[in-house]
Amino acid sequence: MAKLKAFTQEWMNAFRRRIADSKEYREIAGNWEGSVSIIINPDPARGVPETVYLFTDYWHGDVKDFLVCDKAKAESADFIMSGDYIRWKQIARKEIEATKALMQGKLKLKGNLVYVVRNVKTVNKVVDLLGEVDTLFPDD
Amino acid sequence: MPGGYTGLFLTVDLISGKISRFVLEEEFFRLHIGGSAVAARLFLDGFPLDCDPLSGANPLIISTGPMTGSAFPGTSRFSVCARSPLTGIWGESACGGTFGPELKRAGYDGLIITGRAPFPCYLRIEDGAAEIIEASEIWGKDIYETTDLLWSKHRSCRVLAIGPAGENLVRFASIGNDKGHFAGRTGLGAVMGAKNLKAIAVKGTGHPEKADKEGFKQALRSAAEEIRSSAFAGSLHAMGSDAGMDLGMMTGDVPIRNWTVGEDYDLSAALGGPALTEKYLVKAHACTHCPIACKRVVRVAEGPYRTEEGPGPEYETCCTFGTMIMNYDLAGVIKANELCNRYGMDTISCGSTVAMAMELFEKGLLSGRDTEGLDMAWGNMPAVFTLLGKIARREGFGGLLAEGSARAAERLGSAAAEASVHVKGLELPMHDPRAFHGMGLAYMVSNRGGCHLQHAVMGTEQGMVSWPQVFTMKDSYTGPESEDKAALVFHSENFGILGNSLAICHYVLYSLKPETVLKAFNVITGFGFGFSDLMVCGTRDWMLKRGINNLLGVTSRNDALPKRIMTALTEGAAAGSVPDTKKLLSEYYALRGLDKQGIPKEDRLRELGLDALNRRLAAVRAAEPVAKEEMKWQN
C-alpha cells in the first residue's frame, strides 16, 4: 500500500482509523474527553511552506472529528500542541518521545496539564498509533 | 572579593563557646565555587576525617554558593555537610527554602560548627554577630514547634532546626528550615543532635554584591521567560515533584513493594501528582525567589488521617510511604510526611526502612514479638504512624530501625540483608535503575551513597533535558540499556554536581537553558567562566569527595548495586532488565581516571590541582586491597 502524504485529510482519516480500530486504545482512553489540536510550524526548506493546523477529538475511548483545519478551529481545541515540523516528524517516526519533547521545550502544550498527566497513558498510545501510519513526509 | 561572595565563614566551637571568623579568598572560590564543594575542601584540609560522626569532632559545615540569595530563580539553596552517621562516609544534603539567602544577608558564605555544647543550645546569628543561647525551653520540641518558638523570640529570623529524631541520634535524622524545607539525606540532623545544637536562627539585612548588575537583570529576564515557557516547570508548578509518578509508572521508574513489583497503575492513580492536586492541594509554595513554586501546601480535611494545612509530600515520599509499602491512600502519605517533618526524619531512608520491616514481617523474619505488637502488614498506616514515633524516640523496635535499614538488617541476620536496598549505606531514592541503567551507575558511584541528586542523570537519561552545547550526548537514550551510559553519567555528574556548588535547584537547572545559568553565574561573580571551566570545577568536586571517601575506606568493592536491584522484575517497562554493572563501571572508571581499587589516579588529581589529596592517598594506593579494612556497608 502506498504511503500517505503527511498532514492531508486522507492521512488524518488513516490516523483516525488506527485509533478507532485499537482495542487497547479504547480500554486505556475510557476517561479521556476533549479535543487536541496539533500545530506544525512552517519549515519551507523541508517542504512545509505554511503553518499546518490539525484537529482531533476524542471521547471516552471513541474518536470523533479528525480534520485538517484552519487556525481558528485549531485554537478552539481543549489542548493545543505546537512545535517545529522536524520535531513532529521525529515523534511520528518514534525517534523521540512526545513527553520528552514537551519536557525539553521542543513542543509546547496549552491546556490542563494535570489532566494530561493523569491520562499520560492515553496520550502515549495515541502517539504510538500515529507512528503506525505509513507516512510520506514532505522532505522524504 | 568577587560578586556573590562575602568571603567570610563563621566558626563556632560549642565546647569553649568561642566564635570566630575566617576569610576565604577568590582563588579558593575559583577552584571550588561554593556549597558542598567548598565544604568538602574545608573538611579535608581541616578536620580528622575518621572522627566519630556522632562526636563533637565531626564538624558540621553549612555552605552557600555564589548564587545563593541573588534573586535568580532556584538559588535559595545551601548545603549541610559532615561525616555521615548513616553511611560513615562523606555526608551532604542540599536544601532550598529561606536559610541560605538569609545567612548570606547576615554576612556569611558559611558556618563551621565543632564540638559538643555542655547543654542544649541554639545559635543565633544577626548581621555578623553570633551568640550561643541555652535551649532547654525548645529541646524535645518537634521542628514545627521549635520554628514557631524561635520565630516568636527572634522576629523575622529564618530557622534551621532538628526535631526529636536528631536529638535522639536517629541515623537518618533531617534538618528542617522554616517547616517546609529539609536537608534530609545522610542523617545530618543527628550530627546537630550530637552537638546538643537544637537550631540556628539567622537574620540579615545585607545584600550580596553582583559583578554586573545590568547583566544580572538581563539574565533574570531570560530566566523568567524560559521558565514561563517550560512544560517541565509548568508541570512542577501544577503538581509538584509528584507530577512524575504517572509517567514514571509507565517507564518502570517507580519502585513498588520494596522494589519487588514492576507496575501497579492503581498506585500511581491514587498517589500521583494529579491526585495530590485535585484532592489535597491548598496552594503552591516557593523557595525564596523561585517562580516555579513546586512545593505543596496540603490539607486532609477529614477522615482518620486528618492533617492541618502544611507542607505536602514530594514524589519521593509518595513512593516511600506509598508505593513502597503498598499504601493506596494518599492521605496516609500526607500524614506520614507530616510526622517525619515534625520528628525530623528523612522520608526516603525512613520510609525505605519501614518498607524493609514490612517485607521481613511478611516473611516471618520479624515477629509480632519483635515489633512489640505492631502489625507490620503491607499498607497498615496506623502501625506506621505509631512506628514513626518509636523511631524518633528510639523506643524498642523503633530503636532498631533508627539505625537505618543497612544496620538494622545486619542485626536481624543474613536473611534480612536483601530487603535493605542501599548503596554504601544510603537507602536508594525512588528511581529504579532496572528501568534506567545510567541511574544505576550514578547510584554506584555517587559520593554520598545511592543518590539521584549528586548529578543530572535523571534529567539527561530520562530526557527532561538535552544539553549538547555543554557536553557530547545523544538525542535520546533508552532507559533499560547500558550502552553509552557511562559517558552520559560521567558528564552529567560533572555538570549536575554544580547544582550543589553554584547553589541552584536542579528543577530550575532543568527548566533553563544552560547558557542562561552560566551567564547568571558570570554576571554575579565576574569569573568569566565557560562551560569547560565549570566542568573542571565539577570534576574537581567529584574527585575531592571521592578522595575523602577513599581515605575513609571506600574502594571499588563499594561501587555496587544491591542484590535486589540486580534481580530482574517480571512485569512492567523494566521487566527482564538489570544494569550491566561490569561494563558500566569499567567504562566509567576509565573516563573518570580511577584505578582498579577505585582511587583517583595521580595524574588526574595533579591536573585538578589536588596535590595535597594526592599525597594523602599515596598510602591508600600502596596498601594491598585485600589488607584494607572493608567498608561496613558492602552490598
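Me: In this predicted model, what follows helix α23(B), and what is the sign of its phi?
Reply: Gly526(B) comes directly after α23(B), and its phi is positive, near 75°.

Me: How do you know what span to expect for helix α23 of chain B?
Reply: The expected span is 1.5 Å times one less than the number of residues. Helix α23, residues 514-525 of chain B, has twelve residues, for which 16 Å is expected. From the first C-alpha to the last it reaches 17 Å, which is close to that value.

Me: What makes α23(B) count as mostly covered?
Reply: A residue is called buried if its relative accessible area is under 20%. Ten of the twelve residues of α23(B) are buried, so the helix is mostly covered. Among them are Val517(B), Leu518(B), Phe521(B) and Ile524(B).

Me: Which elements do the buried residues of α23(B) pack against?
Reply: They pack against α7, α20, α21, α22 and α24 of chain B.

Me: Why is the pair Glu278(B) and Arg118(A) called a salt bridge?
Reply: The term requires a side-chain nitrogen of Lys or Arg within 4 Å of a carboxyl oxygen of Asp or Glu. In this pair the closest N and O atoms are 2.9 Å apart, so the term applies. The count between chain B and chain A is one salt bridge.

Me: Which element gives the most to the side of chain B that touches chain A?
Reply: That element is α8(B), with six residues. By class, this side of chain B has 14 nonpolar, eight polar and four charged residues.

Me: How many residues does each chain bring to the contact?
Reply: Chain B brings 26 residues and chain A brings 16 residues.

Conventions: Residues numbered from 1 in each chain as written. Chains lettered and ligands numbered in written order. Predicted model: local features only at pLDDT ≥ 70, side-chain atom pairs only at ≥ 80, totals over all residues. Heavy atoms only, no water. Helix = DSSP H or I, 4+ residues; strand = E, 2+ residues; numbered from the N terminus. Buried < 20%, exposed > 50% of the residue type's maximum accessible area, 1.4 Å probe, protein only. Contact = heavy atoms within 4.5 Å. Nonpolar A, V, L, I, M, F, W, Y, C, P; charged D, E, K, R; others polar.
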